[in-house]
Amino acid sequence: MSDSLYASCAEVLSVSQANKDDLEALLHPETGFAPKLRQICEQQLAELQDGAGVDESISISELEALRMESDTWALLQSLMSLRKTAPPEFPHPRELLATNPYTPPATLAQSIMHSSPLLSELVVVREWLHDSAPSPASLDPGATNGYWRFTRNAVLQGKRTGRTGAGLVGELDPDAVNRDGIEEKGLAPDDAMYDKAVLQALYAHVRAGQLEDAVELCRKANQPWRAASIRGALLFQWRAIANEPREVDAMVDEDAEDSQQWRGNVRRRLWKKVCSQAALSTTLSPTERALYAALAPTTQTSISLKAVARTWEDHLWALVSLACEERLSVGLASIERDCFWENGLGALEGGAAVLAPREADHEAEEEWENEVVHALEALSNIQVGEGAPADNPYHVSQLHIILDRTDALLEAFASGLQEGTYVSSPEYTTMTRFFAHLCLFLQMIDMPVSPFATQIILEAYLQVLEAAGQRDLIAMYAGALGDNAVERYALFLTSLELSADIHERRLALTRAREHGLDIERVAIVTAERTIEKAFTILPPTKGPLPFVSGLEPPPTEPEWLLVRSIEWTTFLDATYDTALEQTNVILRHFLGHGRVQVAKSLLEMLPPELGTLREPEEEAAEYMHYCQFFGVWDALARVGECEALEQPQMNKDTRAAWLSDYKTLIEQAREQVEKLLTTDWLVSDVDARGPGAKRHRDIVRIRQIYIPELILRLHAILVSSRSRIPENLKHALALVNIVADSRYRLYDDFSGQMGRRLGDYLGAVRQAVLAGLEGGGSDPFRILTV
């Protein structure tokens, strides 16, 4: 499917949603939702047909699917406009006859149609079938040089020579071929072929509802009698004597002379009887029998019409035409006693028509409706000779639309999606797109739609859009999911993972607001789902305590996904409180795994405003403790960097400057470490057995990793720098008092793991005491008084 097709459909949806409260705009015959989608399908079909000779990947089924989708949108436009708009006021046929017994049958037929909702819909369906029928242009037999020219020449030649051609008719009247005789006679081969082509073209014109074109073809073929037969299908109309409600514009534009003339068939009932006989005649060809059956369909002649029906649409047209003609005939028959054109002077002598509709009329209407519905339902299993079968999704859709069962249609398709029935179908993306827009169209015009079915179908279409890379369109369709819109769009944003940079993420989140979604909820849910996704891949925070290395490997993709999850809640000021909480969760994970540098990269991504938050108080305090930790960590790192700058070839001034910097950095690091150790860093009051149990365990683990690490690192720096800064040895031994102080209970943070045992620290202290004896003497505490 072309990428432009997705975008074009979305553009139509966007415009329609902006006018969702304007039913007239949604159902406009040219700029409404369904007509616009039909135009898109037609344009796409034209482009594919133009490129079919070049692009061999374009299949016939793909072209046929677009054509059928275009036809289905046309059907929706026609029927939904009828069902959703108030019908015009039209008097009952009996009321018309009571006022004017000379009311023409064409006007009465209009009244009969307006009095029956189902008949009105069937007439619309028949017009749709006419519009979507194959073009008769390809069957045009061309011009002729005269009436049965080759046969006429042969007959004249026979009369001159006295020898009639074998197998040729002896007369040239229209019934000569069909006249019963001892031996079968026919036309000259060329005339027979031309006649056959004319009949096929005439049937195609009638099938397309083009009676005037059929009449014109008869005239060009020098067959005026056949033109008269076809025109007999027109009901008698005489506007000058009809009490017919008409629009003012139509009355103004109507030609005055034309309104005084009558047209149509005054004896249509007799004409229909003759057509029925012709349709059942075995002497006529199947095409000619079907032609007469199509002009005046009846239950008896329907067999002739069905005999030439090749496609599912042909069968539907035959059924609808028969149903319309039957209902019209019954309606006219029920009032013929009161109509001058049906009963002659008897209608005038019988007095005024009875105004109240008879009970029998309602019963007959109900019986007819049931028969039509059952006949339409039977089309779901009919066998076809050409084209798409009855169970084609578009044929199923069209039948449900005609039966006004769109809710059941959507539920059936949604059920198939759940069962995976359509996933392997080559038309899956096309059908999902169609049904998604059908759901949205029906919602906008307030037709009954199952929310559950809509959710399933839109979910499937969102997956189609994601697979097609149509990221820009996801928010629009996710917004139609109602209560699930936020969750579904957040799921899409989560699926972006690391493929989108921060600008693309911000733009994708902004689209949520453009399509009516709660952007704050979308951001929060997206961040939550991303964190959950990363945590399902990353190892849990448990097991042996990690050793913190100065050279960490770069973050893995899951780790980087976890770091970048915080971007979603830092785009908006309103979600900073959530960002604060999520930041703490992520930092606890990385610090618990010894990934200090990865945790630091997260901290560097955060907006500075996050550090100014005071609520939630507990989260704000924890965040400030992490900021304090990284400040200490950086201070210790700067000491190491400065120490590495010492060179043996330094001159006196350079060394003095370096030593001053070195001493200052060590002093700053010592003060910061001691402040951290003496200010209840990450000491939590959360119940270890309550809802915050995991948070409590993570914090305890972090203290067990970094409290001994900071003590040992600071001790090592102070002892190793004693040769340059002698008083640092004193500070190293003073640190012991802080560790041993019961107010801080730092000794509880030492574990039994090698390198983090309290005994390891005491061993380092012992070495420091021994270092204090390097200057001579036997008092190990002398260094504290120096």
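Visitor: How many nonpolar, polar and charged residues does the lining of the second largest cavity have?
Guide: First, a heads-up: this is a predicted model, where local features need pLDDT of at least 70, side-chain atom pairs count only at pLDDT 80 or more, and totals for chains, interfaces and linings use all residues. Residues are numbered from 1 along each chain as its sequence is written, and side-chain values use heavy atoms, with hydrogens and water left out. For the classes, Ala, Val, Leu, Ile, Met, Phe, Trp, Tyr, Cys and Pro count as nonpolar, Asp, Glu, Lys and Arg as charged, and the others, Gly among them, as polar. Sorted that way, the lining comes out as seven nonpolar, no polar and two charged.

Visitor: Which residues line the second largest cavity?
Guide: A lining residue has an atom within 4 Å of a point of the space, and a cavity is a set of points on a 1 Å grid over the protein atoms alone where a 1.4 Å probe fits but cannot get out. Helices α33 (652–677) and α34 (693–720) each supply at least two residues here. The full lining is L676, L677, D680, W681, V683, R703, I707, Y744 and L746.

Visitor: What volume does that second largest cavity have?
Guide: Grid points are joined across faces, edges and corners, and a volume is the space filled by probe spheres set on the points. Searching the whole structure turns up two cavities of 30 Å³ or more. The largest holds about 50 Å³, while the second largest has about 40 Å³.

Visitor: What lines the largest cavity?
Guide: Its lining splits into three nonpolar, three polar and two charged residues. By name, they are T144, G146, W148, D191, Y194, D195, A221 and Q223.

Visitor: Which residues are the closest to the centre of the largest pocket?
Guide: A pocket differs from a cavity in being an open set, with protein on both sides within 12 Å along at least five of seven lines. The largest one has a volume of about 1,500 Å³. Of the 44 residues that line this pocket, the closest to its centre are Q110, M113, V123, R126 and E127.

Visitor: Which helix gives the most to the lining of the largest pocket?
Guide: Helices (H or I, at least four residues) and strands (E, at least two) are DSSP runs, numbered from the N terminus. Those supplying at least two residues each include α4 (60–84), α6 (105–115), α7 (117–131) and α17 (312–334). The whole lining has 21 nonpolar, 11 polar and 12 charged residues. With nine residues, the biggest giver is α7.

Visitor: What is the radius of gyration of the chain?
Guide: The chain has 37 helices and zero strands. Its C-alpha atoms fill a box of roughly 160 × 65 × 45 Å along the principal axes. The globule rule, 2.2 Å times the number of residues to the power 0.38, gives 28 Å for 786 residues. The chain is more spread out than a compact globule, because its radius of gyration, taken over C-alpha atoms, is 45 Å.

Visitor: Why do the buried residues of α1 lie on the same side, and what arc do they cover?
Guide: Buried means under 20% relative accessible area, exposed over 50%, and partly exposed in between (1.4 Å probe, protein chains only). In α1 (residues 3–18), L5, Y6, C9, A10, V12, L13 and S16 are buried, and E11 and A18 are exposed on the face turned away from them. An α-helix has 3.6 residues a turn, so residues three or four places apart point the same way. The arc, that of the directions from the helix axis to the C-beta atoms, puts the buried residues on the same side of α1, because they cover only 160°.

Visitor: What span should helix α22 have at 1.5 Å a residue?
Guide: The expected span is 1.5 Å times one less than the number of residues, and α22 (residues 406–419) has 14. Its end C-alpha atoms are 20 Å apart, which agrees with the expected span of 20 Å.

Visitor: Which residues on the other side of α27 are exposed?
Guide: The buried residues of α27 (residues 502–514) are R505, A508, L509, R511 and A512. They sit on the same side of α27 because their arc is only 145°. Across from them, the exposed residues are H503 and E514.
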